[in-house]
Amino acid sequence: MNKKENGLKSERILDVAEELFALHGFDGVTMRQISTGANVDVALASYHFGKKLDLFYAVFNRRAELLGNTRREVLRNSVQDPSGEPQTLEQIIEAFLLPLKFAQESGDPGWKNYMALLAYVMTSPVWSKTLMENNFDKHVSEFIKALKLIFPKAKVEDLHWCYHYVSGALALTLAQTGRIDRLSGGKCQSSDFETAYQRMIPFMSAGFRAVCEK
């Protein structure tokens with residue numbers, strides 16, 4: 001097997017694992033299912049990535065750095081606006097909601113699978129500590145600092161609670177459970193990230209102002 005073919009098979013394993021982990025979680029997936037989906041031998045998947053846990057980490061980390069760094073870049077660019085205009089609350093929230101925009105605009109269908117996987121990890125007390133802490137939590141202080149500039153009189157705990165609520169809404173949206181589809185009688189679609197993104201910014205902005213402008 002040449003290097004190029006080897007690389008393609010590795011990416012295929014990651015893509016299939018990403019989709020299966022997003023749908024069934026870590027415990028609901030076997031290496032054999034992943035190998036079958038990727039059309040490779042189990043031994044090859046193990047050769048490339050080791051145990052299932054190692055593959056799970058590899059799947060999550062593959063897009064985490066790009067997403068985290070781009071989020072931070074968007075936030076910093078809005079702080080350093082060439083026009084000299086002060087950063088707005090909406091711009092901060094827009095940077096935080098970047099995952100929705102990524103999944104919405106990317107031609108890579110794997111991003112939607114990754115968003116569902118991200119939601120799974122975010123809401124798990126086990127995986128959140130292991131994976132969020134190493135990839136995304138280290139950037140939260142920059143968001144809190146930016147929010148503090150918008151709400152200089154707000155208590156730090158209020159800013160963190162509001163950030164927590166925003167994270168929860170984002171996780172539920174990214175999970176694409178289909179519940180809103182059923183509850184709305186089909187008028188809303190959990191896969192419609194564009195509509196969700198547009199509504200979440202004004203909704204979350206109003207919440208921050210209601211709590212932090214006291």
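Buried means under 20% relative accessible area, exposed means over 50%, and partly exposed lies in between (1.4 Å probe, protein chains only). The model toured here is predicted: local features need pLDDT of at least 70, side-chain atom pairs count only at pLDDT 80 or more, and totals for chains, interfaces and linings use all residues. Residues are numbered from 1 along each chain as its sequence is written, and side-chain values use heavy atoms, with hydrogens and water left out.

**Stop 1: the link between Arg63 and Asp108**

Select Asp108, which is partly exposed at a relative accessible area of 32%. Next, add Arg63, a buried residue with a relative accessible area of 7%. The two form a salt bridge (a side-chain nitrogen of Lys or Arg within 4 Å of a carboxyl oxygen of Asp or Glu), with their closest N and O atoms 2.8 Å apart. Because Arg63 lies in helix H4 and Asp108 in the loop between helix H6 (98-105) and H7, this pair ties together parts that are 45 residues apart in sequence. Helices here are DSSP runs (H or I, at least four residues), numbered from the N terminus.

**Stop 2: the wider network**

Display Glu11, Asp15, Glu18 and Arg62 together with Arg63 and Asp108; these residues are linked in a network of salt bridges. Within it, Asp15 pairs with Arg62, the closest N and O atoms being 2.9 Å apart. This pair connects helix H1 (residues 3-24), which holds Asp15, to helix H4 (residues 52-79), which holds Arg62, across 47 residues. Asp15 is partly exposed at 35%, and Arg62 is partly exposed at 26%.

**Stop 3: Arg76 and Glu142**

Select Arg76 and Glu142, whose salt bridge has its closest N and O atoms 3.0 Å apart. Arg76 belongs to helix H4 and Glu142 to helix H9 (residues 140-150), 66 residues apart. The whole structure has eight salt bridges.

**Stop 4: the nonpolar core**

The largest nonpolar core (buried Ala, Val, Leu, Ile, Met, Phe, Trp, Tyr and Cys residues joined through side-chain atoms within 4.5 Å) has 68 residues, and Phe21, Ile34, Leu55 and Phe60 have the most contacts inside it. Helix H7 (residues 110-122) gives the most to this core, with nine residues.

Centre the view on Leu55. Beyond its neighbours within four places in sequence, Leu55 is in contact (heavy atoms within 4.5 Å) with residues including Ile13, Phe21, Met31, Ile34 and Phe49.

**Stop 5: residues 30-49**

Finally, select residues 30-49, which the unreviewed UniProt entry annotates as "DNA-binding region". Such annotations may be inferred rather than shown by experiment. The span is 80% helix and 0% strand, and its end C-alpha atoms lie 14 Å apart.

Key:
Helices (H or I, at least four residues) and strands (E, at least two) are DSSP runs, numbered from the N terminus.
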